[in-house]
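The exercises below are meant to be worked with the sequence and the model open side by side. Each task is followed by a solution that proceeds step by step.

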Amino acid sequence: MEQSFNLGWIDYTIMLVYFVFVIGIGWALKRYMKSATAFLEAGRSLPAWVTGLAFISANLGALEVIGMAASGAKYGMMTIHFYLIGAIPGMVFLGLFMMPFYYGSKARSVPEYLKLRFDEKTRAFNAFAFAIMTVLASGISMYALALLAQVLLPFDFTVTIIGINITEFDFYLIFAALIVLIYTYLGGLTSAIYNEVLQFFLIVIGFLPLVFLALKHVGGWEGMKANLDVGMLHSWQNTGSPDANTMGVEWFGVVAGLGFVLAFGYWCTNFLVVQRAMAAGSMTAARKTPMIGALPKMFIPFIVVIPGMIAIALLNDPSIDFTLPVKGDSFDYDKVIPTLLATHFPTGVLGLGVTALLASFMSGMAGNVSAFNTVWTYDIYQSYLVPDKSDNHYLRVGRLTTVFGVIVSILAAYIAKSFNNVMDFLQLIFAFINAPLFATFLLGMFTRRTTGHGAFYGLIAGTIAAAIHHGLTAPVGLHSQIKGGWMGTIVHHYHSEMAQNFWTAIYAFAACFVVTVLISLLTRKLKTNEQLKGLVYSLTPRLVDKEMVWYKRPATLAILVSIMAIAFTILFW
Amino acid sequence: MGIDIRFPIGLMFTILGLLLTLFGLFSSSNSELYKISYDININLWTGIFSLVFGLVMLSLSLRRKKKVVEEEKQV
């Protein structure tokens, strides 16, 4: 049942209003963009609630909305691991323990912190890897958006301009890229962050009515539960062994692979999200950013995971006529949200829902583009290509980089056309590059003995370990080498790709940790204690929160967030 | 920096809320349209919700503006 939406004038008006506001915000910010700091770091002046919402909204892109609904449909309640153990501890740790070093060191990016703490080569490795990864992620967002728009919007055309055939797919891709380009070009990081906040509210207000109607359709919460396998309703109960649950992972893989290595690697070291916290106006605001983001983060499953589960319950209920599009020999789970929209929303809210979907793609894209901008301008251009120019020069370069980043993303979007499972591919990249990274930060921030050589070779070892593990193992029912086993011999079969990814991360982390420690012990420490002040825990004066009223302290917020996360975990055990 | 983001957010949701509320009111007799949403006028309800949210955001940003202006006067 591939159906395109039946959109009326009201729906197009809603979309238009959204586009006007998104570009209008960029336009209004244009006159404040007078320095590279204003453009690339939002002048370090934003309130904590703004950076906090942007913190999770930058991550609420294509991967989240489409991917997590698909995951909810495939795995059920186990998907909330990505929101509780796979996010909250990492976010609290970042706020309480790592932000003081990121924000206090005056580093302008995560790679720059690595340079201050370790050396040039460690920064270069991280900066280049990050730049490539973000452009790729942004391209995948664009590709997914264009593909979805092609299926859902009722237009179908091909025009030939100077010998090149342009279909509606190309048009949507270029159009979305252009909107993102305009508002990030005009207002820089501030514009990206402000629009992320706007998009966050739009996604919530656009999707809540969908959850409400779909739940009503299936007979409420109890109706949903009655139509699902009991295994779909629990997150931890069946994780005693990998055969017993929908995801094919055991509790140790979830805790160590997802909850520790992948989550801390992503939330604590990925510049895309850390940049939002670094844009905050004060140290306290910067520390509160991830934890303020954590509060709504715990409720996002209700608008993305639950719809996926409802879709399966609707399919299972014999008295309800509902079906999902088919892809190959199974349902096309990536179509859960669009199908629910088409079958529950009349014209009017349908426009709001489609706009919310567009907004989620754009926030993902803009987040990547703005992070790419900063890393490219400061860590690659200023460091290696053209150093020692005026601030004005780097402001102009930052602007041009926006254009460059968007063009490369468009190219990446066309490359992404050849990979079909976006979610798994992204997870794979995160596992190869991000997983070892957290070991480097942990050792670098909390021991002063870790050296630049140790960090660099540790990272290389971790990435190689990830690749080897991925090459020697495979999920059951392997059908393409991107899923593993590309080294020819397969030494272990995992129950699922998810399990394989979690374990790739565990091996990468362990290899990086061990190699970093060994090489650090064998090499001389080149930075003096004075140089490491503000970068390493034991050499940095403790922050004193005592003057603040107790309820305004970051630690209080951390306790509140933790209690809520534990309550949700028990509720959906 | 520069602008208070609550103002554009408030304005946008007020406009979207008004659009949906009015559309919901004018289409309320169209039972064919709301068959898909189980006879609930979802446009009207979402519109009211969006309108209330928009107005709250607007009033928050205007209250802050007033405060800033007063502080500047005192200086």
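**Exercise 1. A strand pair**

In which sense do strand S1 and strand S2 of chain A pair, and over how many bridges?

Solution. The model is a predicted one, and the solution begins with the two strands themselves. Strand S1 of chain A covers residues 158-161 and strand S2 of chain A covers residues 164-167, and the two pair in the antiparallel sense over 4 bridges. To fix the register, take A:Val159, whose bridge partner in S2(A) is A:Ile166. The connection comes next: S1(A) and S2(A) form a hairpin with 2 residues between them, and in that turn A:Ile162 has a positive phi of about 35°.

**Exercise 2. Two domains in contact**

Into which domains is chain A divided, and which elements of domain 1 of chain A give two or more residues to the side that touches domain 2 of chain A?

Solution. Begin with the division, in which domain 1 of chain A is made up of 21-418 + 546-571, while domain 2 of chain A spans 431-541. The centres of domain 1 of chain A and domain 2 of chain A, taken over C-alpha atoms, are separated by 24 Å. The contact takes 32 residues from domain 1 of chain A and 26 residues from domain 2 of chain A. On the side of domain 1 of chain A that touches domain 2 of chain A, the elements that give two or more residues are helix H5 (88-104), helix H6 (110-117), helix H7 (120-152) and helix H10 (251-269) of chain A. The largest share of that side, 12 residues, comes from H10(A). Sorted by class, that side of domain 1 of chain A has 19 nonpolar, 9 polar and 4 charged residues.

**Exercise 3. The contact between the chains**

How many residues of chain B are in contact with chain A, and which helix of chain B gives the most to the side that touches chain A?

Solution. The count comes first: 25 residues of chain B are in contact with 31 residues of chain A. On the side of chain B that touches chain A, helix H1 (6-26) and helix H2 (42-74) of chain B each supply at least two residues, and H1(B) gives the most, with 10 residues. By class, this side of chain B has 19 nonpolar, 6 polar and no charged residues.

The next step follows one helix pair across the chains. The axes of helix H1 of chain A (residues 9-29) and H1(B) come within 11 Å and cross at roughly 170°. Because angles over 145 degrees count as roughly antiparallel, H1(A) is roughly antiparallel to H1(B). From H1(A), the contact is made by A:Ile10, A:Thr13, A:Ile14, A:Val17, A:Phe21, A:Gly24 and A:Ile25, and from H1(B) by B:Pro8, B:Met12, B:Ile15, B:Leu16, B:Leu19 and B:Phe23. By class, the contact of H1(A) with H1(B) has 11 nonpolar, 2 polar and no charged residues.

**Exercise 4. A helix pair within chain A**

At roughly what angle do the axes of helix H3 and helix H11 of chain A cross?

Solution. The axes of helix H3 (residues 48-57) and helix H11 (residues 271-278) of chain A come within 8 Å and cross at roughly 175°. That angle makes H3(A) roughly antiparallel to H11(A). The residues that make the contact are A:Thr51, A:Ala54 and A:Phe55 of H3(A), together with A:Val273, A:Arg276 and A:Ala277 of H11(A). By class, the contact of H3(A) with H11(A) has 4 nonpolar, 1 polar and 1 charged residues.

**Exercise 5. Burial and backbone angles**

Is A:Thr463 buried or exposed, and where is A:Lys106 placed in chain A?

Solution. A:Thr463 is found in helix H18 (residues 452-472) of chain A. A residue is buried if 20 or more other C-beta atoms lie within 10 Å of its own; A:Thr463 has 22 and is therefore buried. Leaving aside neighbours within four places in sequence, A:Thr463 is in contact with A:Phe432, A:Ile433, A:Pro436 and A:Ala508.

The second part turns to phi. Most residues other than glycine have a negative phi. A:Lys106, although not a glycine, has a positive phi of about 65°, and its place is in the loop between H5 and H6 of chain A. With 12 C-beta neighbours inside 10 Å, A:Lys106 counts as exposed. A:Asp388, likewise not a glycine, has a positive phi of about 55° and is found in the loop between helix H15 (349-385) and helix H16 (391-416) of chain A. A:Asp388 counts as exposed, with 6 C-beta neighbours inside 10 Å.

Key: Residues are numbered from 1 along each chain as its sequence is written. Chains are lettered from A and ligands numbered from 1 in the order in which they are written. This is a predicted model: local features need pLDDT of at least 70, side-chain atom pairs count only at pLDDT 80 or more; totals for chains, interfaces and linings use all residues. Domain bounds come from an automatic or database domain assignment. Two residues are in contact if their C-beta atoms, placed from the backbone, lie within 7 Å. Ala, Val, Leu, Ile, Met, Phe, Trp, Tyr, Cys and Pro count as nonpolar, Asp, Glu, Lys and Arg as charged, and the others, Gly among them, as polar. Axes are lines fitted to C-alpha atoms, for helices over the stretch in contact, and angles run from 0 to 180 degrees between N-to-C directions. Angles under 35 degrees count as roughly parallel, over 145 as roughly antiparallel, 65 to 115 as roughly perpendicular and the rest as oblique. Two strands pair if DSSP finds at least two bridges between them.
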